[in-house]
Amino acid sequence: AELKGMGRCVEKAGLTKDNAKALLNSGNQYQWRYDGVCDIVRGAVEFENMTQMFFFLELLIACDPEFKADAKERGWDPDVLGIKQGIKLLQIRNRYGNGKAARGG
């Protein structure tokens with residue numbers, strides 16, 4: 001996937017939903033902060049069925065040190081699978097739940 005363009009990053013920093021509300025107030029300390037700009041690089045994984053997607057999500061969760069102990073209790077141990085690198089999950093969106101229409105990024 002391509003990198004998000006510089007212009008879009010600037011736009012996201014200045015016009016996030018919270019910033020748009022706060023623009024009405026003078027001295028918005030959160031406007032133009034880039035620590036909230038996410039998904040600069042995106043990728044995609046395709047699955048043949050929901051079971052495969054579930055297994056993949058479980059594996060991702062198991063690779064985050066914060067959730068590793070819980071994942072081991074459920075039978076997902078990245079060490080046993082030979083996975084040496086960890087990841088930090090920042091956000092997972094449920095786009096399949098009841099009433100969860102896929103919108104935006």
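Across the whole structure, which is a predicted model, a search finds 6 salt bridges. Side chains of opposite charge can pair when their charged atoms come close. One of these salt bridges lies within helix 1, which covers residues 6-14. Here Glu11 is joined to Arg8, and the closest N and O atoms are 2.8 Å apart. The two residues are 3 places apart in the helix, and therefore about one helical turn separates them. An α-helix has 3.6 residues a turn, so residues three or four places apart point the same way. Both ends of this salt bridge are partly exposed: Glu11 has a relative accessibility of 38%, and Arg8 has a relative accessible area of 39%.

A second salt bridge connects Glu66 with Lys88, with 2.7 Å between the closest N and O atoms. Because Glu66 belongs to the loop between helix 3 and helix 4 and Lys88 to the segment after helix 4, this pair ties together parts that are 22 residues apart in sequence. Glu66 is exposed, at a relative accessible area of 53%, and Lys88 is likewise exposed, at 53%.

Lys72 and Asp79 form a further salt bridge, in which the closest N and O atoms are 3.8 Å apart. Lys72 is partly exposed at 39% relative accessibility, and Asp79 is partly exposed with a relative accessible area of 36%. Salt bridges with shared partners join these two residues, together with Lys68 and Asp77, into one network.

Asp64 presents another case. This residue is located in the loop between helix 3 and helix 4. Asp64 is buried but has no salt bridge. The nearest side chain of opposite charge is that of Lys88, at 4.4 Å, and a salt bridge requires a nitrogen-to-oxygen distance within 4 Å. A polar atom of the Asp64 side chain does, however, lie 2.9 Å from the backbone nitrogen of Leu89. Apart from its neighbours within four places in sequence, Asp64 is in contact with Ile87, Lys88 and Leu89.

Helix 3 comprises the 13 residues 50-62. At 1.5 Å a residue, this helix should span 18 Å, and its end C-alpha atoms are indeed 18 Å apart, so the expected and modelled values agree. At the start of the helix, a side-chain oxygen of Asn49 comes to within 3.1 Å of the backbone nitrogen of Thr51. Met53, Glu58 and Ala62 are buried in helix 3, and the buried residues of this helix pack against helix 4, residues 68-73. Glu58 has a relative accessible area of 10% and is therefore buried, the limit being under 20%. Beyond its neighbours within four places in sequence, Glu58 is in contact with Arg74 and Trp76.

The aromatic residues were examined next. A pair of aromatic rings is described by the distance of the centres and the angle of the planes. The count comes to 3 aromatic pairs. In one of them, the rings of Phe47 and Phe56 have centres 5.4 Å apart and planes at 50°, so the pair is tilted. Phe47 is partly exposed at 29% relative accessibility, and Phe56 is partly exposed at 30%. Phe54 and Phe55 form another tilted pair, with 5.9 Å from centre to centre and 55° between the planes. Their relative accessible areas, 45% for Phe54 and 43% for Phe55, place Phe54 and Phe55 in the partly exposed class. Ring pairs also link Phe54 and Phe55 with Trp76 into a cluster.

How values were computed
Residues numbered from 1 in each chain as written. Predicted model: local features only at pLDDT ≥ 70, side-chain atom pairs only at ≥ 80, totals over all residues. Heavy atoms only, no water. Helix = DSSP H or I, 4+ residues; strand = E, 2+ residues; numbered from the N terminus. Expected span 1.5 Å × (residues − 1). Buried < 20%, exposed > 50% of the residue type's maximum accessible area, 1.4 Å probe, protein only. Contact = heavy atoms within 4.5 Å. Polar contact = N/O pair within 3.5 Å; in protein donor to acceptor, adjacent residues only side chain to side chain. Lys, Arg positive; Asp, Glu negative; His and termini not counted. Phe/Tyr/Trp six-rings, centres within 6.5 Å; stacked < 30°, edge-to-face > 60°.
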